[in-house]
Each structure stands twice: as C-alpha cells, then as structure tokens.
Amino acid sequence: MTTKGVPQLPARLSTDFAQALEGFLRYLSAERGRSSNTCRAYESDLTSLLLHCTAEGASTLQSITLNMLRSWLGSLNTQGQARSTLARRAAAARSFSAWAVREELITSNPALRLRAPKREQTLPQVLTQDQLSSLFASLADQSEGGEPIPVRDRAVIELLYATGIRVGELAGLDMDDVEHDRRMIKVLGKGNKERFVPYGVPAATAIDDWLRRGRPKLVNEQSGPALFLGKRGKRVDQRQVRAVAERLFSAIPDTSATGPHSLRHTAATHLLDGGADLRGVQELLGHSSLATTQLYTHVSVDRLRKTYQQAHPRA
C-alpha cells in the first residue's frame, strides 16, 4: 500500500481483515487528518487485535465477538501491559468497530461493551521557578560565544516553556509562523488545527538572537522555511529536541523531568498557579478536551498541599 501516512500492513492478516484495516487507516489519515505516528499506533494496536482474533478462529470482521475482544485485553494484561496501554488499545478497538458499522462492514458493534482498566492519573513532573532560573541562566552563558547550536538550544527551551507547545509543533515551525511584533506564533497542532500562542520577552530575545547569530551559520539549500535547524542545516527533528532537553534536565538536581514535555507540563502548571483561566490554558495548549487540561489543576492543588504540610505549624 502506498497511501501517504498509512503503514504497510502485515501479510499474516486475512484478506478481509487487511482490507478493513487498510480502509480504516486511510480514513484516519485522509478524513480525520491523523498524523503518520498516530496511524502507526492504531496499526500496531489493531494488528495485535486482529491477529488474536485470527488465533481464536475468526477470519472476517463479522465473526469477531465481544469475548474475543475481552480475551485479547486479558492476554495483554497477563503480559504485564500497563493500564494506560490497555485503555488505549480498547479505545482503538472501539473506534475501529464503530467505523466498521458506519461503513456497513458489520451489522453490530462487538466493542460497545468493551471496558478496560481506567488509566492511572499520574501527576506530571514540573520544574520549580528556581530550577528554571538556573537553567535559563546556564543556557544564556552557553550561548554567549555565538556558536549556533547553544544559541538554538536556548531559543528552543525558552520557547517551549513560554508557550507550552508540543515538541512536534515546535519542530514544525516555519519562519513566517513567528509574528515578532505581536510576540505570537502560529502552531499547527493535532488534527491539523491551527492556533496562535503568545510568548514573552525572554523567549523573544532568544529567538531574535537565534535568527541573528545562529540560524545564518547553519542555513543551506536544505533548510527551507524551517525556523529551527539541526547541525547540518535541515529542519530540527523531535529526536534532537528531546536529546537537548534530556541533557539539560539531567544536570538539574532534585527533579525527575526527562524531556521537553516536562516544559509543557511546567508551563501549564505555572499559568494556573498564576491565576490563569482553565479554558484559556486549554486553548493555549491545544487540548481538545477540558478534562485533559484539568489534570494540571490537580498538580497545582498537590503543590499547594505539599507547601501547606511543610509550612503550617498544625498541618
């Protein structure tokens, strides 16, 4: 199969299963605008399901039963899969089955009563103001010499914290996505939804420094309109940004923050700590559901509780 963004399906599936899965992935890519990474995740989850159903004796979608779906999740649980993984795979099965009903490939939905363990709601790790101040001071010192990579890294980390955008959104930024006068960036988020996100003076200073002293030293015919570049002049990729964040965070004591997503968590939490409106934070982060943003209110409450317990004489 050659459809862009749709993975190549394994030959072990029956013709009926393979054609249905291919159609579903094409639907996700072309009609729902899902990314290639999302399509690959669905492909992996649903291939696991369909291979399990094959082993259970099913060869057509119509022959898949609720018991087969339940035994699939049960086998994954026995293998030690995390509850979050089981919940994601159950959701994939429900989406696939609902699509198959709409396409009239099956007459009833076997996944309607499929349940998985609730996801564990772990509070995201956030950096303190002191840790951030130390981090940004270190980045400013490293960029003083004008070498392009330290200058870029400072701008990347400043912008991630200033805006709370995802690492993929940052890597996809082009030069004309930055509105310097208004200090706004245009971000292409999940589902190809555009949003505008403001940033502050420190991030503006770091971006201007990158455009003045860093990017011109790396730009070449492969750079295109990309805002941030790698050592060879190509658009920076997510892996490179994660490596930068992991290297920097590993030098910070007393934190388990490990990657750029920690800066997204930190930005959201600090906004709420500072009195920002929950729906405003939802819009800034590009969350489709307010429930996702509400997780950060729990972080703020947890931080308040810890402060109270440490400071109040009768805690």
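**Overall fold and two arginine sites**

Among the contacts in the chain between residues at least 6 apart in sequence, 57% join residues that are at least 24 apart. The model examined here is a predicted one, and its secondary structure comes to 12 helices and 3 strands. Of the 315 residues in the chain, 45% are buried, while the accessible surface of the chain comes to about 16900 Å², with carbon and sulfur atoms accounting for 48% of that area.

On this surface, a positive patch is formed by four arginines, namely Arg-70, Arg-94, Arg-113 and Arg-115. One of these patch members, Arg-70, lies in helix H3, which covers residues 66-78. The relative accessible area of Arg-70 is 42%, and Arg-70 is therefore classed as partly exposed, since that class lies between the buried limit of under 20% and the exposed limit of over 50%.

A further arginine, Arg-247, is placed in helix H9, which is made up of residues 238-250. Arg-247 has a relative accessibility of 43% and so counts as partly exposed. When residues up to four places away in sequence are left out of account, Arg-247 touches Gln-142 and Asp-153. With respect to Gly-259, which stands 12 residues from Arg-247 along the chain, the separation between the two C-alpha atoms is 8.7 Å.

Conventions: Residues numbered from 1 in each chain as written. Predicted model: local features only at pLDDT ≥ 70, side-chain atom pairs only at ≥ 80, totals over all residues. Heavy atoms only, no water. Patch = residues over 30% accessible without salt bridge, like charges linked within 9 Å, V, L, I, M, F, W, Y side chains within 5 Å. Areas by Shrake-Rupley, 256 points an atom, 1.4 Å probe, with all protein chains shown as cover. Salt bridge = Lys/Arg side-chain N within 4 Å of Asp/Glu carboxyl O. Lys, Arg positive; Asp, Glu negative; His and termini not counted. Charge placed at Lys NZ, Arg CZ, Asp CG, Glu CD. Helix = DSSP H or I, 4+ residues; strand = E, 2+ residues; numbered from the N terminus. Buried < 20%, exposed > 50% of the residue type's maximum accessible area, 1.4 Å probe, protein only. Contact = heavy atoms within 4.5 Å.
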